[in-house]
Protein chains: 2
Amino acid sequence: MSPAPAGRRRGPSKGDLREKAILDTARDLLSRKPLADITIDELAAGAEISRSSFYFYFDSKLAVVVALLHGLSGEVSRDAGPWLDGTGPDAEALRRSLAALATLWRDQGRLLAGALAAAPGCPPIARWRAALREAHVERLAARITRDRAAGHAPDGPAAHVLAAMIDDLRSAAFAAATDPEALVDDLVTVELRMMYGNFRVHHPDE
Amino acid sequence: MSPAPAGRRRGPSKGDLREKAILDTARDLLSRKPLADITIDELAAGAEISRSSFYFYFDSKLAVVVALLHGLSGEVSRDAGPWLDGTGPDAEALRRSLAALATLWRDQGRLLAGALAAAPGCPPIARWRAALREAHVERLAARITRDRAAGHAPDGPAAHVLAAMIDDLRSAAFAAATDPEALVDDLVTVELRMMYGNFRVHHPDE
DNA sequence: GAAAAAGTCGACACCGCGTCGACTCCGCAC
DNA sequence: GTGCGGAGTCGACGCGGTGTCGACTTTTTC
């Protein structure tokens, strides 16, 4: 059943504070333990309401996460524009784009990691992730195609496959990292190699 | 009748069969739905015992998965030897190694994906994954170091960081793929680029 | 053939989720 | 001020899944 945005009715009110308190509590708890270990009781307690009152504000624990995620959508792709819209191996633009992403992962790592882990079993989260990924892959694939046509980049895997791999690599690397920001330079090197790194196979005997 | 078949000291006891039946059922169910949707009831039913009898054999659903995983440990790294122990960009060895991995993912994708998803919240699974990853990263890092020393590969990220990225990329790519085997050739290209793909930044004006 | 070990099961307590209906609180209209 | 309605709150309930316990039956062993 497509969950209608039920729960909260219309009108400005004081309960808005409670809603915010739940969100804040969730953010806070997520910085300390994985999503699966967080119970609705805790979320409710953090907002100083009873467990059943929680349902007045959100349909479920996952709905809270989705709300949190939604607030992040913009930031995830902010600062990626110059790199994605440019051409050729512009290491600096890529570095700036990745540095912004790394900051986000530093601050919201648990939320992001929890969302990624929960995605396979939660359609709304999966949709959020898919939309973001889709958007990134598409722009990056377009860039790859452009670069190949202009002779900046060698042929290789289909552009969207390569773009998807790069997106996967980012998520996996950041999710596994304890210090995302330390990864930026290496990621720059590796991504540029994936896109532009041609090389000749050396047969020792020829 | 005579319980111990003549000649054979100990046949497979009734319990051994049950244990195997549980494992088989788990494998079977996992090929049809994600781990989180599988209940102990189903596992027990598949082995034709009651739910509480299940606990005679395994401590929990995750323990079954761990057992299944254990049986897979060998296969995951089988066929990777020639590539990992070789030197230089030997595309064919890499391709064979990845093809074997792809077959495994095709057959056991749900199990592997479920394990990866459950790992953050389940120490035994996390340990299994970490051990496998560790082993692969270590051998691959050694290969990278060797190749760099011999001048086959350019410098770049620390060998173990690069190796970890390659491992991450594989997991992410296979986990996301609907057809792992179609990914092999692209993965070969991309991994070789990550390791050997040097390139010069083209400044159009120089 | 009796004791021990292996295996089986129903009943139970527990936990977390989501629902329901009754209640309180508060602003507003008259 | 009365009183009405919606926002907000909560206790109690039912559900489904987990894990444990103790009593029971079957198989093995000596």
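**View 1. Five residue pairs are in polar contact between chain B and chain A, both residues at pLDDT 80 or more.** A polar contact is a pair of N or O atoms within 3.5 Å; within protein, one must be able to donate a hydrogen and the other to accept it, and residues adjacent in sequence count only if both atoms are side-chain atoms. The elements giving two or more residues to the side of chain B that touches chain A are helix H8 (159-176) and helix H9 (184-196) of chain B. H9(B) gives the most, nine residues. Helices here are DSSP runs (H or I, at least four residues), numbered from the N terminus. This side of chain B has 19 nonpolar, five polar and four charged residues. Ala, Val, Leu, Ile, Met, Phe, Trp, Tyr, Cys and Pro count as nonpolar, Asp, Glu, Lys and Arg as charged, and the others, Gly among them, as polar.

The model is predicted: local features need pLDDT of at least 70, side-chain atom pairs count only at pLDDT 80 or more, and totals for chains, interfaces and linings use all residues. Residues are numbered from 1 along each chain as its sequence is written, chains are lettered from A and ligands numbered from 1 in the order in which they are written, and side-chain values use heavy atoms, with hydrogens and water left out.

**View 2. In chain B, 28 residues are in contact (heavy atoms within 4.5 Å) with 29 residues of chain A.** About 2,500 Å² is buried between chain B and chain A, and carbon and sulfur atoms give 71% of that area. Buried area is the accessible area (1.4 Å probe) that two parts lose on being put together, summed over both. The copies meet through the same surface, because 100% of the interface residues of chain B are also interface residues in chain A.

**View 3. A turn of 179 degrees and a shift of 0.0 Å along the axis lay chain B on chain A with an RMSD of 0.3 Å.** The two copies are thus related as by a two-fold rotation axis. Copies are superposed by least squares on the C-alpha atoms of residues with pLDDT of at least 70 in both.

**View 4. DNA strand C is surrounded by 17 residues (a heavy atom within 4 Å of the strand).** The closest are A:Arg51, B:Arg18, B:Ser50, B:Ser53 and B:Tyr57. In the side chain of A:Arg51, an N or O atom is 2.4 Å from a base oxygen of DNA strand C. For B:Arg18, a side-chain N or O atom is 2.4 Å from a phosphate oxygen of the strand.
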